[in-house]
Amino acid sequence: MTNRHLLGIQGLSPPKITALLDLAENYVLLNRSGKTQRDLLRGRTLINLFFEDSTRTRTSFELAGKRLGADVINMSVSTSSVSKGETLLDTAATLNAMNCDLLVVRHNQSGAPALLAQKVEASVINAGDGTHEHPTQAILDALTIRRNKGRLEGLTIAICGDILHSRVARSNFLLLTMMGNQVRLVGPPTLMPAEVGSLGVTVHHDMREGLRGADIVMALRLQRERMSKGGLVPSAREFFAFYGLDAEKLAYAKPDALVMHPGPMNRGVEIDSAVADHPYRSVIKEQVEMGVAVRMAVLDALARGTLWND
Ligand code: NCD
């Protein structure tokens, strides 16, 4: 096992991303056929270390590890009992002593997985750190887009809602702009990061303008748990009126535009149920399926050392 990590999209390159997506396609077929590939990670230990709640990400890393034959251990640590740095480093020392091979980390502090990566022997995979990055989510979104649009370049993608607090938005626009797509960030000024002008994206405060002619519309959850300041959003009802993705606003995108959401969804806040459950336009369930295949591909690439070495 190489001692390399996946901490963010920053550091990956277009050929590496394409290789990961190609590998993940194989795992989609394998998963659909009901077969497993239990030899690859046999005898390896994967620890899911989650300091924040998760449904999809934790479960799909667990499934991915098990389908590749790893011994998987889930550790959920309540954030309230964590006294930041010291506890994290203590945890790292404990995990090191257990000879863990793969460490999947979710933490409410940006940079926590990078800190752990300096202290443990295992390969560290960032499963979401604060408002920083969530690389496997962006890779599974890219796979979903590529499968449905037949390509991952030259597309216009509108990412809508709470951009400020979203590590999903950040990893997505890093990946999507790197692959040659046009990314629009759409949301109220209070939910846009300050440095947004320098990110290679366009910013829109009006949904109709931001969605016009888009190939993909990605809605994001309003992350109230990260809003330490009040007053960022007037009320859920008002947010929905201006920024909620409903059929009327979606009509401004291309007729075959896809609807995406990383989950968990707040129906009636950032997305309307009729759009979220649309039989042809919504690929939200497919995103979840792709999540397992992409995490298998990431574990495979890290285990074989092909993510960082050619
Ligand atoms: C996201 C996350 O945790 O960053 N969810 C996910 O991993 N699918 C988005 C969110 O919490 O809203």
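**Entry 1, the second largest pocket.** I began with the second largest pocket, which has a volume of about 200 Å³, and I noted that the model I was reading is a predicted one. I then looked up its lining and found 18 residues, with Arg56, Thr57, Pro262, Gln287 and Val288 lying nearest the centre of this pocket.

**Entry 2, helices around it.** Which helices supply at least two residues each to the lining of the second largest pocket? I found H2, helix H5 (135-149) and helix H11 (284-304), and I wrote down that H11 gives the largest share, 6 residues. When I sorted this lining by class, I had 8 nonpolar, 8 polar and 2 charged residues.

**Entry 3, the largest pocket.** I turned next to the largest pocket, where about 610 Å³ of space lies. Its lining is made of 29 residues, and those closest to the centre are Glu52, Asp53, Arg106, Arg167 and Arg221. I recorded the classes of the whole lining of the largest pocket as 7 nonpolar, 13 polar and 9 charged residues.

**Entry 4, helices around the largest pocket.** I found that helix H2 (56-67) and helix H6 (167-178) each supply at least two residues of the lining of the largest pocket, and that the largest share, 3 residues, comes from H2.

**Entry 5, looking back.** Going over my notes, I saw that H2 appears in both places, as it supplies at least two residues to the lining of the largest pocket and also at least two to that of the second largest pocket.

Key:
Residues numbered from 1 in each chain as written. Predicted model: local features only at pLDDT ≥ 70, side-chain atom pairs only at ≥ 80, totals over all residues. Heavy atoms only, no water. 1 Å grid on protein atoms, 1.4 Å probe; cavity = no way out; pocket = protein on both sides within 12 Å on 5 of 7 lines; lining within 4 Å. Points joined across faces, edges and corners; volume = space filled by probe spheres on them. Nonpolar A, V, L, I, M, F, W, Y, C, P; charged D, E, K, R; others polar.
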